[in-house]
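Okay, thanks everyone, I'll keep this short. Have a look at the model on the screen, and then I'll walk you through it.

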Amino acid sequence: MPSVLIIEDDEDGRQALAKLFARRDWKVFEAADGDSGVELALQNRPEVILCDLLMPKSNGFQVCRTIRQKLQPTKIIVVSGRDYA
């Protein structure tokens, strides 16, 4: 069973993504902030990580950098609800 880690501080958004993956029989891990996301990534080694950029504690840039250094083959998809226009 493939696994995904969703690192997102917006609870509604995180739960919506989790439901989408769970419907397709993915094992889903959830983190509400960057620090717990890194911890879960290192413990569970998911195939895919969805990571928000703007979060409390460690932001998405820091999280991606740390995970990339320690879990090379893991795919990271950056998500953000922020309008940069």
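So, contacts over long sequence distances: if you take the contacts in the protein chain with a separation of 6 or more, 64% of them are between residues 24 or more positions apart. Keep in mind that this is a predicted model.

What does the secondary structure come to? We've got three helices and four strands, and reading from the N terminus the elements go β-α-β-α-β-α-β.

On overall dimensions, the C-alpha atoms sit in a box of roughly 35 × 30 × 20 Å along the principal axes. The radius of gyration is 12 Å, and because a compact globule of 85 residues would come out near 12 Å, the chain agrees with that.

Now the surface. About 5,300 Å² of the protein chain is exposed, with carbon and sulfur atoms supplying 50% of that. Of the 85 residues, 36% are buried. As for charge, there are 12 positive and 13 negative ones, and their mean positions lie 7 Å apart.

Okay, two residues I'd like to zoom in on. Let's start with Asp-33. Where is it? Asp-33 sits in the loop between strand 2, residues 27–31, and helix 2, residues 34–44. Is Asp-33 buried or exposed? Its relative accessible area is 13%, and the cut-off for buried is under 20%, so Asp-33 counts as buried.

And what does Asp-33 touch? Leaving out residues up to four places away in sequence, Asp-33 is in contact with Ile-7, Met-55, Pro-56 and Lys-57. There's a polar contact here as well: a polar atom of the Asp-33 side chain is 3.1 Å from the backbone nitrogen of Asp-35.

The second residue is Val-48. You'll find Val-48 in strand 3, which covers residues 48–52. Val-48 has a relative accessible area of 12%, so by that cut-off Val-48 is buried too.

Which residues does Val-48 touch? Again skipping anything up to four places away in sequence, the list is Ser-3, Val-4, Leu-5, Trp-26, Lys-75 and Ile-77. For a pair that's spread out, take Val-48 and Ala-16: they're 32 residues apart in sequence, and C-alpha to C-alpha they're 16 Å apart in space.

So, to leave you with one picture: a β-α-β-α-β-α-β chain, with Asp-33 buried in a loop and Val-48 buried in strand 3. That's it from me, happy to rotate the model if anyone wants another view.

Note on methods:
Residues are numbered from 1 along each chain as its sequence is written. This is a predicted model: local features need pLDDT of at least 70, side-chain atom pairs count only at pLDDT 80 or more; totals for chains, interfaces and linings use all residues. Side-chain values use heavy atoms; hydrogens and water are left out. Helices (H or I, at least four residues) and strands (E, at least two) are DSSP runs, numbered from the N terminus. Buried means under 20% relative accessible area, exposed over 50%, partly exposed in between (1.4 Å probe, protein chains only). A polar contact is a pair of N or O atoms within 3.5 Å; within protein, one must be able to donate a hydrogen and the other to accept it, and residues adjacent in sequence count only if both atoms are side-chain atoms. Contact means heavy atoms within 4.5 Å. The radius of gyration is taken over C-alpha atoms; the globule rule is 2.2 Å times the number of residues to the power 0.38. Accessible areas come from the Shrake-Rupley method with a 1.4 Å probe; for residues, only the protein chains shown count as cover. Lys and Arg count as positive and Asp and Glu as negative; His and the chain ends are not counted. The place of a charge is taken as NZ of Lys, CZ of Arg, CG of Asp or CD of Glu.
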